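I opened the model to look up helix packing and backbone outliers. My notes follow in the order I made them.

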Amino acid sequence: MPAIDLNADLGEGFGVWRLGDDDAMLQIVTSANVACGFHAGDPAGLLRVCRGAAARGVRIGAQVSYRDLAGFDRRFIDVDPADLTADVMYQIGALQALVRAAGSTVSYVKPHGALYNTIVTNREQAAAVAEAVRSVDDTLPVLGMPGSAFLAEAEQRNLPTVAEAFADRAYRPDGQLVSRREPGAILYDLAAVAERVLTMVSDGRVTAIDGSPVDVRVESVCVHGDSPGAVQIAAAVADRLRAAGIDIRAFC
């Protein structure tokens, strides 16, 4: 039976501020991209998410980011590559401590937000992030955009790579994501999103925002945990994939 991983961004609250329904998402996804405190997440909240994921057998990934708590890592930062490498190493290590206390381990690394989008094309920052992962644990897989500078830099360092697609984000004709600042960037129609993901997984293609076809390589599908209706979107995607005979299973 063909299989696909479903991942979501979790642990993105801070103090009394809560974002998304982590417990509900952990009932659906097979991999959890857990914040590391630089764009969101406080230690107590992150520990709760890690314990919840460990109890359900959900794989835990370190979702590393720019040091941008105020901006939720939604803005580019022209950080020195050496500083970025150290920042990413620090984040992985911090989450690893919480994950071990929860009885699990960090299984992969996925950049967040502006950092994710920047290292699609910015070779210098892509190399800095890949080098950080290699320095911490050269067996850790990394999630990223197919064809990105980040996955290329990771492959040069012999890191396992996982090609990712996005359930609820619009694509540009060049295969990159439409900026959140533009209309139509985020998709909300449950049935349309679920059918779109099925086409990505089964046919390796997606329709761009201008209607043109785009080839995609998909080993994991992301549903953003902070989007309105995220739980319902994730459930609809999982149901549609299973109905088509596709298993929902972690990639590692």
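I looked first at how α3 passes α5: the crossing is right-handed. By definition, that is the near helix turned clockwise from the far one, whereas anticlockwise by less than a right angle would be left-handed. This is a predicted model, where local features need pLDDT of at least 70, side-chain atom pairs count only at pLDDT 80 or more, and totals for chains, interfaces and linings use all residues. Residues are numbered from 1 along each chain as its sequence is written, and side-chain values use heavy atoms, with hydrogens and water left out.

The axes of α3 and α5 come within 8 Å and cross at roughly 40°. That makes the pair oblique (not under 35 degrees, roughly parallel; not over 145, roughly antiparallel; not 65 to 115, roughly perpendicular). Axes here are lines fitted to C-alpha atoms over the stretch in contact, with angles from 0 to 180 degrees between N-to-C directions. I listed the contact residues (heavy atoms within 4.5 Å). From α3 they are Pro 81, Leu 84, Thr 85, Val 88, Met 89 and Ile 92. From α5 they include Gln 125, Ala 128, Val 129, Ala 132 and Val 133. By class I get 10 nonpolar, 3 polar and 2 charged residues.

Next, α5 alone. Helix α5 covers residues 123–136, 14 in number. Its end-to-end C-alpha reach is 20 Å, close to the 20 Å expected at 1.5 Å a residue. Which residues of α5 are buried (under 20% relative accessible area; exposed is over 50%, partly exposed in between; 1.4 Å probe, protein chains only)? They are Gln 125, Ala 126, Ala 127, Ala 128, Val 129, Ala 130, Ala 132 and Val 133. These buried residues pack against α3, β4, α4, β5 and α6.

Then the second helix pair. Helices α7 (190–203) and α8 (230–243) pack at about 45°, axes 8 Å apart. They are therefore oblique to each other. Their crossing is right-handed. On the α7 side, Val 193, Val 197 and Val 201 are among the contact residues. On the α8 side, Ile 233, Val 237 and Arg 240 are among them. The contact divides into 10 nonpolar, 1 polar and 2 charged residues.

Last, the backbone. Asp 73 is not a glycine, but has a positive phi of about 55°. I found Asp 73 in the loop between β3 and α3. Buried or exposed, at 0% relative accessibility? Asp 73 counts as buried. Asn 158 also has a positive phi, about 65°, without being a glycine. Asn 158 lies in the loop between α6 and β6. With a relative accessible area of 66%, Asn 158 is exposed.

Notes: Helices (H or I, at least four residues) and strands (E, at least two) are DSSP runs, numbered from the N terminus. Ala, Val, Leu, Ile, Met, Phe, Trp, Tyr, Cys and Pro count as nonpolar, Asp, Glu, Lys and Arg as charged, and the others, Gly among them, as polar. The expected span of a helix is 1.5 Å times one less than its number of residues.
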